[in-house]
Amino acid sequence: MIPLDPVLDLKSIAALCNGYVGADLEALCREATMYAIKRSSNTKDASNFSLTMEDWKHARSVVGPSITRGVTVEIPKV
């Protein structure tokens, strides 16, 4: 189990995940964890490892909701 940063707001993360299905949420958690591991391996104090809001923001930039995949918006030429 990966510890969460004490200031991490899970309600705000949940509010930002509108349109994500179960597989998307799993991928989001995995990406955030992998980013946190990479981030902590670059620091000297790896014992202070936890998931931060920065990790979740990075994960959201990589993993999007599958409900919007393949959807394109057509903008008329005026």
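Biologist: Is Cys17 buried or exposed?
Modeller: In this predicted model, Cys17 is buried, with a relative accessible area of 12%.

Biologist: And how many disulfides turn up in the whole structure?
Modeller: A search of the whole structure gives 0 disulfides. For Cys17, the closest cysteine sulfur is the one in Cys29, and because the two sulfurs are 8.0 Å apart, they are too far from each other for a bond. Cys29 is accordingly in no disulfide, with the sulfur of Cys17 as its nearest cysteine sulfur.

Biologist: What about the accessibility of Cys29?
Modeller: Cys29 is partly exposed, at a relative accessible area of 37%, whereas Cys17 is buried.

Biologist: Which residues make up the largest nonpolar core?
Modeller: That core has 12 residues in all, and Cys17 is one of them. The others are Leu8, Ile13, Tyr20, Leu28, Ala32, Ala36, Phe49, Leu51, Trp56, Ala59 and Val63.

Biologist: Which helices supply at least two residues of this core?
Modeller: Helix H2, spanning 22–41, and helix H3, spanning 53–62, each supply at least two, and the largest share, 3 residues, comes from H2. As general background, nonpolar side chains in soluble globular proteins tend to be buried together.

Biologist: Let me pick one core member, then: what is Ala36 in contact with, leaving aside its neighbours within four places in sequence?
Modeller: With those neighbours left aside, Ala36 is in contact with Phe49, Ser50, Leu51 and Asp55. Of these partners, Phe49 and Leu51 are themselves listed in the largest nonpolar core.

Biologist: Stepping back, how many helices and strands are there in the protein?
Modeller: The protein has 3 helices and 0 strands, and reading along the sequence gives the pattern α-α-α.

Biologist: How much of the protein is buried, and what does the accessible surface come to?
Modeller: Buried residues account for 24% of the 78 residues in the protein. The accessible surface comes to about 6000 Å², and 59% of that surface belongs to carbon and sulfur atoms.

Biologist: What share of the contacts between residues at least 6 apart in sequence joins residues at least 24 apart?
Modeller: Among those contacts, 68% join residues that are at least 24 apart in sequence.

Biologist: Changing topic to charges, how many salt bridges are there?
Modeller: The count comes to 2 salt bridges. One is between Asp55 and Arg39, where the closest N and O atoms are 2.8 Å apart; this pair links distant parts of the chain, since Asp55 lies in helix H3 and Arg39 in helix H2, 16 residues apart. Another joins Arg30 to Glu26, with the closest N and O atoms 3.1 Å apart.

Biologist: Where do Arg30 and Glu26 lie?
Modeller: Both are in helix H2, 4 residues apart, which is about one turn of the helix.

Biologist: Are the residues of these two pairs buried or partly exposed?
Modeller: Asp55 counts as buried, at 0% relative accessibility, while its partner Arg39 is partly exposed, with a relative accessible area of 25%. In the other pair, Arg30 is partly exposed at 46%, and Glu26 also counts as partly exposed, at 49%.

Biologist: One more: where does Thr52 lie, and what does Thr52 touch, not counting residues up to four places away?
Modeller: Thr52 lies in the loop between H2 and H3 and counts as buried, at 17% relative accessibility, because the cut-off for buried is under 20%. Outside those sequence neighbours, Thr52 touches Asp5, Leu8 and Arg39. Among these, Leu8 is listed in the largest nonpolar core, and Arg39 is in the salt bridge with Asp55.

Definitions and conventions:
Residues are numbered from 1 along each chain as its sequence is written. This is a predicted model: local features need pLDDT of at least 70, side-chain atom pairs count only at pLDDT 80 or more; totals for chains, interfaces and linings use all residues. Side-chain values use heavy atoms; hydrogens and water are left out. A disulfide is a pair of cysteine sulfur atoms within 2.5 Å. Buried means under 20% relative accessible area, exposed over 50%, partly exposed in between (1.4 Å probe, protein chains only). A nonpolar core is a set of buried Ala, Val, Leu, Ile, Met, Phe, Trp, Tyr and Cys residues joined through side-chain atoms within 4.5 Å. Contact means heavy atoms within 4.5 Å. Accessible areas come from the Shrake-Rupley method with a 1.4 Å probe; for residues, only the protein chains shown count as cover. A salt bridge is a side-chain nitrogen of Lys or Arg within 4 Å of a carboxyl oxygen of Asp or Glu.
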